[in-house]
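Visitor: Could you take a close look with me at one part of this model, the place where one chain touches another, and then walk me on into what lies behind it?

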Amino acid sequence: MAAQTPLLEIQDLELEYKAYGGALKVLDGVDLRIHPGEKVGLVGETGCGKTSTMKAVLRVLPVPPARIRGGSIRFNGQDVLGMSQRALRQVRGRGIAMIFQDPTAALNPVFTIGEQLGAVIRSQSDGRLSRRQVRAAAVEALREVALADPARLLEAYPIQLSGGMRQRVCIAMALATKPELLIADEPGTALDVTIQDQVLRLLHNLVEERNTSVILISHSLGIVRQLTDRVYVMYAGSIVESAPTRRLFAHPGHPYTQRLMEVVPRLSGGGIAPGIPGRIPNYLDPPTGCRFHPRCPHAMAICRRYKPPAYTLEEGHQVACFLYDETHRDQASTAPAQ
Amino acid sequence: MEPILEYKDLKKHFVIGYQDLRRRRPITVKAVDGISLAIHEGETVGLVGESGSGKSTVAYTTVGMYAPTAGRIEYRGQSVFQDGRRPKRLQKEIQIVFQDPGSSLNPRHTVKQILELPLRIHRPEVDNRLEEMARILEMVELPLDYLYKHPRALSGGERQMVAVARALAADPSVILLDEPTSALDVSVQGKVINLLLRLQREFDLSYLFITHDLSLMRNVSQRVAIMYLGKICEIAPTRAFFETPRHPYTQMLLSAIPVISEEEEKLKPEKIVPTGEIPSPVNIPPGCSFHLRCPYRMDVCAQVDPEMQAIAPGHFVRCHLYPEALDSPNGGDHTP
């Protein structure tokens with residue numbers, strides 16, 4: 001893996017929003033890397049910066065109030081942050097496509113599915129396709145997401161479809177441009193569990209077939225475990241841990257990851273853990289040092305003063321926590337592995 | 001033991017329009033279509049189902065937001081509706097906590113005003129209301145100065161605690177919890193759930209816990225009932241529900257849950273892969289409403305709606321796959 005050039009590389013990304021009373025320091029040095037064909041999960045609680053990070057990648061943040069304070073984003077080696085609008089159009093769609101949490105909000109209610117899907121296909125064909133070819137491509141795109149009677153569906157408005165069908169349409173739109181990277185932001189959250197299961201399985205098969213790279217943003221550890229090769233755990237604007245999916249679920253290293261796994265209700269029973277005390281910090285005045293220290297059961301003096309670097313526990317498993325410095329290793333191993 | 005709250009063939013149909021305006025043939029949604037369920041004192045009964053299954057309608061009907069179309073709701077043997085109205089005494093005993101505390105608490109009221117109303121209406125005998133409110137806030141582990149805050153100044157978890165406090169202020173014996181934690185982060189959910197369980201032990205409360213989260217249900221309820229398109233498919237003690245689910249819909253739902261450990265993976269019935277969509281409640285399929293999605297469907301399923309029957313003590317299933325009901329009259333609890 002190390003020798004390969006990553007498809008997307010985010011380094012030390014810092015982002016703030018100007019707000020009443022100061023600046024909200026939302027991203028505090030995010031590092032993230034995706035290789036071609038890799039499926040990566042990004043997990044964390046509401047407000048930890050998952051969506052802000054992805055909006056920065058697509059350059060769809062409102063500037064101002066948003067401001068990138070530092071760091072870099074490279075897609076296929078190109079600097080995304082310094083890109084011209086024209087170059088950006090190439091990246092959006094053909095390079096990176098996105099699926100949103102709420103398919104109802106993602107589709108325009110006053111245009112038919114055919115018009116919306118057709119617009120996406122046409123915009124990426126540089127005007128080379130005839131109307132008939134666009135229509136044929138749209139029908140094909142709907143067929144691929146297992147929607148019945150695609151020809152008739154092209155004439156339908158979003159309101160005429162169920163939630164599950166709408167999300168399938170969104171997947172068809174995102175994949176119609178054959179992107180190299182697909183960002184899926186909570187793709188199943190708005191759906192019922194039996195529908196979610198079908199949609200996610202479909203998504204999984206489609207990206208496997210095409211070898212598309214995926215960033216799956218989710219607060220559901222279960223979904224991430226099912227669909228990804230690698231997981232990044234985010235807390236209050238930085239990545240606190242990253243590891244291959246199996247490894248992370250078997251040996252969570254960061255105290256935050258450990259707590260997060262404890263509080264998920266288990267199908268096997270055993271009661272509900274009391275939750276993580278405290279709350280996500282106020283970004284106007286975030287804690288110094290490690291932003292998790294006020295909620296951390298193992299917090300030490302150094303955690304209040306310095307931001308921990310990423311320590312490597314084993315090949316590919318990084319944890320940003322001072323417990324993994326050699327001087328504290330013993331304490332880390334006694335930390336309750338969940 | 002006499003149940004504290006019992007639903008007897010409860011139906012709630014909504015007329016949403018007319019097919020033929022001249023003849024006024026109504027189009028109805030059968031949101032709740034004949035459910036029977038009992039909740040015993042101190043018990044938590046889970047009511048699960050996907051959206052549109054009618055689980056919230058059951059709760060809303062219980063607290064009088066809707067009048068039942070047919071059937072009865074009984075509190076300790078007496079009908080909750082008397083002459084179409086609920087006596088204040090019964091309103092006090094049955095309280096509700098809604099899903100989204102952002103919209104269920106009046107944004108222009110302080111926590112004090114929110115808690116004072118149920119006290120004034122249901123417990124006029126309390127002389128020192130301020131002291132009582134302080135006690136209630138203490139019960140939900142919120143500091144006293146929160147009395148003077150507005151809901152928007154609180155976090156989502158704290159707001160939900162206020163909603164619980166408002167329910168407790170009436171000193172009820174039954175609380176209907178309608179997805180009380182699904183608007184909250186999982187790290188906050190644990191705190192709210194543990195608080196609810198502690199309050200239940202301390203005050204001997206009975207809960208009807210409505211949720212779509214089966215993993216959560218596994219950990220909080222003693223019995224679980226599962227709804228599909230307005231009807232209950234299966235009722236069982238929690239352990240049996242998760243270890244030996246009988247209804248194909250229960251099995252499908254369980255096999256669709258994303259889990260986080262191998263141990264849980266083993267508990268999932270592997271055989272059923274979720275297919276199809278939930279039909280529109282306006283147009284419920286004939287026979288068993290699940291037959292279009294059921295991998296085990298037989299000819300009879302498209303024609304005859306199965307009856308609920310006991311297959312083990314306390315374990316009820318409404319499915320043609322189980323024709324052998326538990327017959328002996330002394331075989332255990334025979335009412336759902």
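Guide: Happily, and one term comes before anything else: two residues are in contact if their C-beta atoms, placed from the backbone, lie within 7 Å. On that basis, the contact between the chains takes 32 residues from chain B and 35 residues from chain A. On the chain B side, the elements that each give two or more residues are helix 7 (186–203), helix 8 (214–220), helix 10 (248–255) and helix 11 (262–267). Helices here are DSSP runs of H or I with at least four residues, strands are runs of E with at least two, and both are numbered from the N terminus. Helix 7 of chain B gives the largest share of that side, 8 residues. Sorted by class, the side of chain B that touches chain A has 15 nonpolar, 10 polar and 7 charged residues. In this sorting Ala, Val, Leu, Ile, Met, Phe, Trp, Tyr, Cys and Pro count as nonpolar, Asp, Glu, Lys and Arg as charged, and the others, Gly among them, as polar.

Please keep in mind that this is a predicted model, in which local features need pLDDT of at least 70 and side-chain atom pairs count only at pLDDT 80 or more, while totals for chains, interfaces and linings use all residues. Residues are numbered from 1 along each chain as its sequence is written, and chains are lettered from A and ligands numbered from 1 in the order in which they are written.

Now on into chain B. An open sheet of 8 strands there has mixed pairing and the order 6-7-8-3-9-10-12-11; strands pair if DSSP finds at least two bridges between them. Strand 6 (94–97) and strand 11 (309–312) of chain B each have a single partner strand and stand at the edges, so one side of each has no neighbour in the sheet. On average, neighbouring strands of this sheet are turned by 25° against each other, direction ignored. At one edge, strand 11 of chain B runs antiparallel to strand 12 (residues 315–317) of chain B, and 3 bridges join them. B:Ala310 stands opposite B:Phe316 in strand 12 of chain B.

Toward the other edge, helix 6 of chain B lies across strand 6 and strand 7 (174–178) of chain B, running at about 175° to strand 6 of chain B. Such angles run from 0 to 180 degrees between N-to-C directions, and axes are lines fitted to C-alpha atoms, for helices over the stretch in contact.

Helix 6 (residues 156–169) of chain B also meets helix 5 (residues 129–139) of chain B: their axes come within 9 Å and cross at roughly 130°. Helix 5 of chain B and helix 6 of chain B are therefore oblique to each other; angles under 35 degrees count as roughly parallel, over 145 as roughly antiparallel, 65 to 115 as roughly perpendicular and the rest as oblique. B:Ile136, B:Leu137 and B:Met139 of helix 5 of chain B make this contact with B:Ala165, B:Leu168 and B:Ala169 of helix 6 of chain B. The contact has 6 nonpolar, no polar and no charged residues.

Chain A has a helix pair to set beside it. Helix 4 (residues 113–123) of chain A and helix 7 (residues 163–176) of chain A pack with their axes 9 Å apart, at an angle of about 20°. That makes helix 4 of chain A roughly parallel to helix 7 of chain A. A:Ile113, A:Gln116, A:Leu117, A:Val120 and A:Ile121 in helix 4 of chain A meet A:Val169, A:Ala172, A:Met173 and A:Ala176 in helix 7 of chain A. By class, this contact has 8 nonpolar, 1 polar and no charged residues.

A:Ile113 leads to another residue: A:Leu153 touches A:Ile113, A:Leu142 and A:Leu147, not counting residues up to four places away in sequence. A:Leu153 counts as buried because it has 23 C-beta neighbours inside 10 Å. A residue is buried if 20 or more other C-beta atoms lie within 10 Å of its own, exposed if 12 or fewer, and partly exposed in between, with C-beta atoms placed from the backbone.

Finally, strand 9 (residues 230–235) of chain A has 6 of its 6 residues buried, so it is largely enclosed by the rest of the structure. A:Arg230, A:Tyr232 and A:Met234 are buried on one side, and A:Val231, A:Val233 and A:Tyr235 on the other. Strand 3 (residues 39–43) of chain A runs parallel to strand 9 of chain A, joined by 4 bridges, and A:Leu42 stands opposite A:Tyr232. Strand 10 (residues 238–244) of chain A pairs with strand 9 of chain A in the antiparallel sense over 6 bridges. Their hairpin has 2 residues between the strands, and A:Ala236 takes a positive phi near 45°.
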